[in-house]
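Here is a short briefing to read alongside the model. Have the 3D view open and follow the topics one by one.

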Amino acid sequence: MAPTTGTLITVAPTGAELAKADFPQLPTSLEELVDTAVACESAGASMIHLHIRDSEHRPTLDRGHLKAAVDALRERTSLVIQLSTGGSVHDPLEQRLTVLDAEPDSCSLTCGTTNFGDDVFLNPYGFMSDLYVQAQEREVVPEFELFDLGHVASLARLIDAHGLPFGGKVHVDFVTGVPGGMPGTPAALLAGVAMLPPEVTSWSATGIGRSHLPVAAAALAAGGHLRVGMEDNVVFARGIPVEHNSQLVERVAHLAEVMQRPTLSTDDARLMLGVKDRRR
């Protein structure tokens, strides 16, 4: 795998599950998202994982909204821009493929269907394969999201079938602690890491809810990278809500510094991920 002397911090500021009415501090408008991105880049993030909301704060995969967000973030930040192809659990598969039309630097590619609370996050192999090939053709770097150990095997199957992604690097993110997926424990995370195929060049980890800090600490200790944000966690400490995504970025940036693995610059993140520079 790539050297782990630095730490890639991805911020996932919004997600598709939380309601703005319940969490007014959740950034859902374009202005809020851009301001959040600027603050999080300053705090140490080098990639942003985006879900987009419409004017009513509802999740949307509308191309106009997606492209406007990508363009605005390129204008105001140097972050690697990753669009979610998961949308919400209710979005149809064919619409999720159209996310690539917005020309992100990266896209998420979840490597299997998983129970997601009371819902099902559908990712059949045919959809995963189509997304993989279309990302290759459009020169978009996928981040392979792994919610369970079986997803690691599906990742290996995709690589065997289609070769390496665009850019030649394979970066994965373990999403742990989702009800229905792998638990948010260091033991589960390290079991997944041990199963990764040899083509993987870097990995990160996400701990949902109260698994946020244990998973972050385990990932740093094991040479991995981190994803944090209000998509995954809205409680900063017991009884204390997260007021801004930058709080979560600042905390793990400090942990990374203590572990002598300081945050990667956006240029170093692009190099590690094999991302095409679309800023010019």
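**Long-range contacts and overall build**

Of the contacts in the protein with a separation of 6 or more, 74% are between residues 24 or more positions apart. Please keep in mind that this is a predicted model. The protein has nine helices and 14 strands. With a radius of gyration of 17 Å, close to the 19 Å that the globule rule gives for 280 residues, the protein is as compact as a globular protein of that length.

**Dimensions and surface**

- Measure along the principal axes and you will find that the C-alpha trace spans about 45 × 45 × 40 Å.
- Among the 280 residues of the protein, 55% count as buried.
- About 11,200 Å² of the protein is exposed, and carbon and sulfur atoms supply 54% of that area.

**The barrel**

- Eight strands close into a barrel, and their pairing is parallel.
- Going round the barrel, the order is β1-β2-β5-β6-β9-β10-β11-β12, with a twist that averages 30° from one strand to the next.
- For a look at one pairing, take strand β6 (residues 106–110) and strand β9 (residues 141–146): they run parallel and are joined by five bridges.
- Which residue of β9 is the bridge partner of T110? The partner is E145.

**Helices against the strands**

- Helix α7 (residues 212–221) lies across three strands, β10 (171–176), β11 (202–207) and β12 (225–228).
- The direction of α7 is at about 165° to β11.
- Helix α8 (residues 245–258) also packs on the sheet, where it touches β1 (9–11) and β12.
- Between the directions of α8 and β1 the angle is about 170°.

**Nonpolar cores**

- The largest nonpolar core holds 66 residues.
- Inside that core, the residues with the most contacts are L50, V172, F174, L189, L196 and W203.
- Apart from it lies another core, of nine residues, including L8, V80, A269 and M272.
- V172 is a good residue to click on: leaving aside its neighbours within four places in sequence, V172 is in contact with E143, F144, L146, L155, L196, V200, S202, W203 and S204.

**A loop glycine**

- Where does G167 lie? G167 is in the loop between α5 (149–162) and β10.
- G167 counts as partly exposed because its relative accessibility is 39%, which falls between the 20% cut-off for buried and the 50% cut-off for exposed.
- From G167 to R63 the distance is 25 Å, C-alpha to C-alpha, and the two residues are 104 residues apart in sequence.

How values were computed. Residues numbered from 1 in each chain as written. Predicted model: local features only at pLDDT ≥ 70, side-chain atom pairs only at ≥ 80, totals over all residues. Heavy atoms only, no water. Pairing = 2+ DSSP bridges. Helix = DSSP H or I, 4+ residues; strand = E, 2+ residues; numbered from the N terminus. Axes fitted to C-alpha atoms, helices over the stretch in contact; angles between N-to-C directions. Contact = heavy atoms within 4.5 Å. Buried < 20%, exposed > 50% of the residue type's maximum accessible area, 1.4 Å probe, protein only. Rg over C-alpha atoms; globule rule 2.2 N^0.38 Å. Areas by Shrake-Rupley, 256 points an atom, 1.4 Å probe, with all protein chains shown as cover. Core = buried A, V, L, I, M, F, W, Y, C linked by side-chain atoms within 4.5 Å.
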